[in-house]
There are 2 protein chains.
Amino acid sequence: MNVSGAYLRHYTGVPGEAKGPSVKTSIIPGPASQKLLESLNEVQQCNSVQLFADYNKSLGNYLVDVDGNILLDVYTQISSVPIGYNHPELLKSMEKLENIKVMINRPALGVFPGADWPEKLKQVLIGVAPKGLDHVTTMSCGSCSNENAYKQIFIWYRKNQRGENITFSEQEKTSCMINLPPGAPQLSMLSFKGAFHGRTLGVLSTTHSKYIHKIDIPAFDWPIANFPKYKYPLEENERENAEEDEKCLAQVEDLIVKYEKKGIPVAGIVSEPIQAEGGDNEASPYFFQKLQRIGKKYGAALLIDEVQTGGGPTGKMWCHEHFNLDSPPDVVTFSKKMFLGGFFHSKELKPDQPYRIFNTWMGDPSKLLLLETVINVIKRDNLLSLVQKSGDILLSELKKLQNEYSHLINSARGRGTFLAISCSSPQIRDKLVAKLKMEGVQAGGCGDQSIRLRPALIFAPQHAYIFLDKFRTALKETK
Amino acid sequence: MNVSGAYLRHYTGVPGEAKGPSVKTSIIPGPASQKLLESLNEVQQCNSVQLFADYNKSLGNYLVDVDGNILLDVYTQISSVPIGYNHPELLKSMEKLENIKVMINRPALGVFPGADWPEKLKQVLIGVAPKGLDHVTTMSCGSCSNENAYKQIFIWYRKNQRGENITFSEQEKTSCMINLPPGAPQLSMLSFKGAFHGRTLGVLSTTHSKYIHKIDIPAFDWPIANFPKYKYPLEENERENAEEDEKCLAQVEDLIVKYEKKGIPVAGIVSEPIQAEGGDNEASPYFFQKLQRIGKKYGAALLIDEVQTGGGPTGKMWCHEHFNLDSPPDVVTFSKKMFLGGFFHSKELKPDQPYRIFNTWMGDPSKLLLLETVINVIKRDNLLSLVQKSGDILLSELKKLQNEYSHLINSARGRGTFLAISCSSPQIRDKLVAKLKMEGVQAGGCGDQSIRLRPALIFAPQHAYIFLDKFRTALKETK
């Protein structure tokens, strides 16, 4: 592999970070993790736990587990660690007493915000807002962000229906209290097959990635369209993929008409810019441009769910900025790498009345404080361009590997370091992820048979080459 | 008023706390708060904001605002501050580097928990669990806690329906992906009028306290029963209130039968032990005992939502412990004073498969760390008995005041310091809350015309007497 000296000089990483992975146990989870797993199992369902980590020793791109294994982390807590473990700037930010006080005094932000809250919101969040979206509402997690964004869209849609008549009727006020129309109207969010927007009951009705997330849980009757399924490599399948775009877009329009007739009008369309949990399914900029135009035609808002894509991993702060849309999306949700949840929205979506989009905490200023440091580091260290550089190396080398191991892997894809590769079967995927782990790489799956890469923004070319080296070893050993 | 020396000696409060409230501006929000409000309004809907606080200066039971007003806080961030502002023990806990590291390394707890997570869960949360509930699942906020508790109940209910046949059918697996039965079954949670269980779409279908929370938002068709409306004083209206219990319980049973016939069986019953947001509506221990028996008769789980009542304010760690139920409730949810959300549940409710009750963060260990300190302080300072003492003073004095000012206030009620009093009209309530604020007391309303008291657990008799003194002044000046 061609290691470019220029790349290596670019970024020196987190001081003291491991030089490479190191696996000490013959299986992971090792004995110490297994013992803790038994203990945890006494108080909760924990079969999803992979290992127990030592967060005192984890540093930079390396996750250290309780058995002393040092793993190069390309999964980063389901893509939620922005600048690696124990970043010195985050540690330093906690030296200030005033910051400690933010940690221990959590306000009800909708009622008694702290003195610096407006300025912090503007500096930190509006400072990185998608172009054209100058309003922001904070929440605690991704599900709550999407749930509240849907609510804000429903409120906006009904306001548009009411037109000049902005007061609520007595019938609306009383019927909503017992869950009936017209106060609790039949409205829907259109979502896509393969989508993941969270797990609480509203957003779960728009999540369609895996049955285990949905089975036994009641859902709303809301329209679900096909999301494009592309053939790879993209450059060799342009005509077919363009047809796929048109087919899916036509179905979106059909469903909007159908649900309008059914009495459940579509108030909004929700999509991830890259379907993550569902398998890193991409759609073209053209698809999203057209999707937005269809929304506008029928009066439905466009919500881009950037909970997993947002915060830098695609090489831009927001993935939809790659799409060159006619105008900003109406709402963009975030969480994970941003430390706190929330959504950006246009002024048009701002509710006229208070207490409609509201809860006790409305986010958490202590998380905004951490995010402030993260954004300063992203800027200072030019991390978005590091993401692009490391991502370019990863993607081009993955493409070479898939030619070499075409019986095992295919369809390398993605933007920045937000990358994935499909495997020839779910079994091969699981084997490769397991082998990677024994090689000292913590990776994660997505969809039925893909491996997703979600390193931190401090993942540099030297880390990319380590990953590629280990991946090649795993491929060699896999049949 | 009889100030008992014994009470005053009992608890010395937070060192350095103000001796009493002090109001410096002619209106609240004062000029500094108003200026910040203008700034915040540029980026979000913020008409619910009452003032901007100075969390560096706020201490103990006193909230200090940016205009220098020092307010005795009997509302405590919508009842979410357990041991007051800037408690020295919380500050001290942040001196340890290992705790700082917990603040900046937020794991995906369902996949990579930290080494001490099982032990912390057991020590801190299971250590204060309601009797008989030895399992716990953590979440980030109250809404998510209830949403996931409902899901867990649906999963349990369907498991009971399947009986021995524990595998999912292909039809279930495919139908749930498009929101249709049998995979996404028609199941319901029975809730009560006046209830508040959160604002995301699932739990919002069980929230019925104020129309502004619900209007324009789609809802599930789930049964809603009347919650008892008692006449006060309770001791003079026993027969009538007992009849009210029976009427409401009969309706619960009727609704369960009706919704079973309708094809939307009731999987669970959810209730707050005291309806908080809805107006501090109490129900008797008998009501809850009988409600649990009705649930068992029809195979519906009982969820007690202790998001607002939990963590000590009723004088017990969990309000339902006042009810002497036949057996533990199936699920108890918490958040607010507990710093993190979640729910306790019986082993029977534990899902057999992972990833069904799951999300990226599954709570936040940094909040558990704060909770650990809080629980140590509650024990060390015997705060539950302080709550009972301060609460006894407040309630008995409120009863005297309501006799004196019966044209303005009535129906003083509650447990511990979790108290409320009704006003003769919504206008009188709003006037009294406003006057209290100008007297230096931050109080809050609930329901249509009640004032709720939600002081921190460090609210001592001396604070109770200050409140009562200010409340008397407000009553005197109100017509």
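How many residues of domain 1 of chain A are in contact with domain 2 of chain A, and how many does domain 2 bring? On the domain 1 side there are 23, and they touch 27 residues of domain 2 of chain A. The legends below walk through that contact in what is a predicted model.

**View 1. The two domains of chain A.** The domain assignment splits domain 1 into two stretches, 31-73 and 382-477, while domain 2 runs over 99-379. Measuring from C-alpha centre to C-alpha centre, you get 28 Å between domain 1 and domain 2 of chain A.

**View 2. The area buried between the domains.** Putting domain 1 and domain 2 of chain A together buries about 2,000 Å², and carbon and sulfur atoms give 57% of that. Looking at domain 1, the residues that lose the most area to domain 2 are Leu384(A), Arg415(A) and Phe418(A), which together account for 36% of what that side buries.

**View 3. Salt bridges and polar contacts.** Between domain 1 and domain 2 of chain A, the salt bridge count comes to 2. Zoom in on Asp280(A) and Arg454(A): their side chains form a salt bridge, at 2.4 Å from N to O. As for polar contacts across this interface, 13 residue pairs turn up, with both partners at pLDDT 80 or more.

**View 4. What the domain 1 side is built from.** Helix α14 (383-404) and the strands β12 (409-415), β13 (418-423) and β16 (450-453) of chain A each supply at least two of the domain 1 residues that touch domain 2. Sorted by class, that side of domain 1 has 10 nonpolar, 8 polar and 5 charged residues.

Methods: Residues are numbered from 1 along each chain as its sequence is written. Chains are lettered from A and ligands numbered from 1 in the order in which they are written. This is a predicted model: local features need pLDDT of at least 70, side-chain atom pairs count only at pLDDT 80 or more; totals for chains, interfaces and linings use all residues. Side-chain values use heavy atoms; hydrogens and water are left out. Domain bounds come from an automatic or database domain assignment. Contact means heavy atoms within 4.5 Å. Buried area is the accessible area (1.4 Å probe) that two parts lose on being put together, summed over both. A salt bridge is a side-chain nitrogen of Lys or Arg within 4 Å of a carboxyl oxygen of Asp or Glu. A polar contact is a pair of N or O atoms within 3.5 Å; within protein, one must be able to donate a hydrogen and the other to accept it, and residues adjacent in sequence count only if both atoms are side-chain atoms. Helices (H or I, at least four residues) and strands (E, at least two) are DSSP runs, numbered from the N terminus. Ala, Val, Leu, Ile, Met, Phe, Trp, Tyr, Cys and Pro count as nonpolar, Asp, Glu, Lys and Arg as charged, and the others, Gly among them, as polar.
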